[in-house]
Amino acid sequence: MRKKELKLVVTFHTTADAMAMEKACRQKDVPGRLIPVPRSISAGCGLSWCADLCDREGIVAMMEESGIESEALHECMV
Amino acid sequence: MNFNLSDSKKKLALAGVVCGLVAAVLAYFGNPANMAICIACFIRDTAGALGLHQAAVVQYARPEIIGIVIGAFAISVATKEYRSTAGSSPMIRFVLGMVIMIGSLVFLGCPLRMVIRMSAGDLNAWVALIGFILGVSTGAIALKNGFSLGRAHETQKESGAVLPVLMAGILVLLLCTSLLKFSESGPGSMHAPIIVSLIGGLVFGAFAQKSRMCFAGSIRDIVLMRNFDLITVIGGLFVVMLIYNIATGNFTPAFDTPGVVAHSEHLWNILGMYAVGFAAVLAGGCPLRQLVLAGQGSSDSAVTVAGMLVAAALCHNFGLASSGTALDAETGELVAGAVTPAGKVACVICIVVCFIIAFTNKRESAK
């Protein structure tokens, strides 16, 4: 079984924002992947963006540049 | 108070096993065997009990529905996860709720019942699974193309409690008055004792809230992210019901099994569940998930539930609901279940409506 690590998890207000995030990240070679919002963060069932903690600055800058609004940035075991 | 049911696949499977046990217990104590805890059927029965339709064989205020909503409400309040939200295109969600119910009653069951029927060997349900997967996949394509109903916002905390309170009101009517209708024959007359049904619903709702059990979401997550967490919950439920059906002699791998309340019109089994899967992804969850989300404070999901309730009544008032294969009581001959002409038209309209909703509501216009 894969060992859990502390990761950056970006949550969004809508699933569409999460999909837009994936598209923007792929276009701009920003690392990370879509995952279901971890249960420890929310009882909702939306999507979130998961990346290494060290990529935080690049991700935040890319979101500002692309006009993608996050709900929150979390650090949690994924 | 907090317990995490979703930090491992084993725990998720355990949540599914618990829900499967609840379904098996309800079937054992008198619910129609392969309905057990079908959300669409039981909302339809509740609509009948309230007098919204006059189909005499499907009228009973199912305590399971009341229990699921109140169970999800109670556990979310107790674990501080209750959030009263609203405002994500409520009337479109009402229409999606209608589509979900119409598709379900063309197939004869919600996704939960589809899985229960699959566990009983009903091959029609396996055929319908194809349609459900295709429907969810179409919804996933819409999500990839920027589909959005807009974000929900925090609202007055009382708003999210309205549906649980209304459900409690129906329970009071059931227990203390003679206002509600009760079927004297047919599926509506078959039920577990009220207290067993209510406790079963409460437990099911609580575990579904904690595990985020969702039939549409589980396939959506596989399609979009190759994530198998939610399908693990469904797997747990399926295995328990499979064992129950084999142990009680209810496992019959066949298409035309009398008494299952199913039909063998393959195209319409596929299209019915296609509509359900498609609409469920657009609405953010299957019928069960809508009840649970409404319980934990989402007024948008409560509106979806209202759409399902109204559509359930319309299905019987307008003759949209299919009939199940059964033995003729007098001749003993097998009478094949069938989809009605009106049901076929409604099903096609529902699919068209899903496409219109899916490809006209975009992220940019939702902001």
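**Exercise 1. Determine the handedness with which H1(B) passes H9(B), and describe how the two helices are arranged.**

Solution. The handedness comes first: H1(B) passes H9(B) in a left-handed crossing, where left-handed means that the near helix is turned anticlockwise from the far one by less than a right angle, and right-handed that it is turned clockwise. The helices and strands named here are DSSP runs numbered from the N terminus, with H or I over at least four residues for a helix and E over at least two for a strand.

Next, consider the axes, which are lines fitted to C-alpha atoms, for helices over the stretch in contact, with angles from 0 to 180 degrees between N-to-C directions. The axes of helix H1 (residues 9–28) and helix H9 (residues 194–211) of chain B come within 10 Å and cross at roughly 165 degrees. That angle makes H1(B) roughly antiparallel to H9(B), because angles over 145 degrees count as roughly antiparallel, under 35 as roughly parallel, 65 to 115 as roughly perpendicular and the rest as oblique.

Finally, look at the residues that meet, using the rule that two residues are in contact if their C-beta atoms, placed from the backbone, lie within 7 Å. From H1(B) the participants include B:Leu12, B:Ala15, B:Val18 and B:Cys19, and from H9(B) they include B:Val196, B:Gly200, B:Phe204 and B:Phe207.

The model is a predicted one, in which local features need pLDDT of at least 70 and side-chain atom pairs count only at pLDDT 80 or more, while totals for chains, interfaces and linings use all residues. Residues are numbered from 1 along each chain as its sequence is written, and chains are lettered from A and ligands numbered from 1 in the order in which they are written.

**Exercise 2. Identify the elements of chain B that touch chain A, and establish how H10(B) is covered.**

Solution. Begin with the count of residues: 23 residues of chain B are in contact with 14 residues of chain A. On the chain B side, the elements that give two or more residues are helix H6 (123–144) and helix H10 (215–225), and the largest share, 4 residues, comes from H10(B).

Then turn to burial, for which a residue is buried if 20 or more other C-beta atoms lie within 10 Å of its own, exposed if 12 or fewer, and partly exposed in between, with C-beta atoms placed from the backbone. By this rule H10(B) is mostly covered, with 8 of its 11 residues buried; among them are B:Phe215, B:Ile219, B:Arg220, B:Asp221 and B:Leu224. Their cover includes S2 of chain A, together with H5 (111–119), H6, H11 (229–247), H12 (266–283) and H13 (287–295) of chain B.

**Exercise 3. Find where A:Asp29, B:Lys80 and B:Arg226 lie, and give the sign of phi for each.**

Solution. As background, most residues other than glycine have a negative phi.

A:Asp29 has a positive phi, near 55 degrees, and is found in the loop between helix H1 (15–27) and strand S2 (33–36) of chain A. With 8 C-beta neighbours inside 10 Å, A:Asp29 counts as exposed.

B:Lys80 also has a positive phi, of about 60 degrees, in the loop between helix H3 (63–78) and strand S1 (85–86) of chain B. B:Lys80 counts as exposed, with 10 C-beta neighbours inside 10 Å.

B:Arg226 follows H10(B), and its phi is positive, near 50 degrees.

**Exercise 4. Describe the overall build of chain A and then of chain B.**

Solution. Chain A comes to 2 helices and 4 strands, which follow the pattern β-α-β-β-α-β along the sequence. Its radius of gyration, taken over C-alpha atoms, is 12 Å, which agrees with the value near 12 Å for a compact globule of 78 residues, the globule rule being 2.2 Å times the number of residues to the power 0.38. Of the 78 residues in chain A, 36% are buried.

The unreviewed UniProt entry annotates residues 8–75 of chain A as "domain: Putative Se/S carrier protein-like"; such annotations, with shortened feature names and positions in the numbering used here, may be inferred rather than shown by experiment. The end C-alpha atoms of this span lie 5 Å apart, and the span is 35% helix and 29% strand.

Chain B has 16 helices and 4 strands, and its C-alpha trace spans about 60 × 40 × 40 Å along the principal axes. Its radius of gyration of 19 Å agrees with the value near 21 Å for a compact globule of 367 residues, and buried residues make up 59% of the chain.
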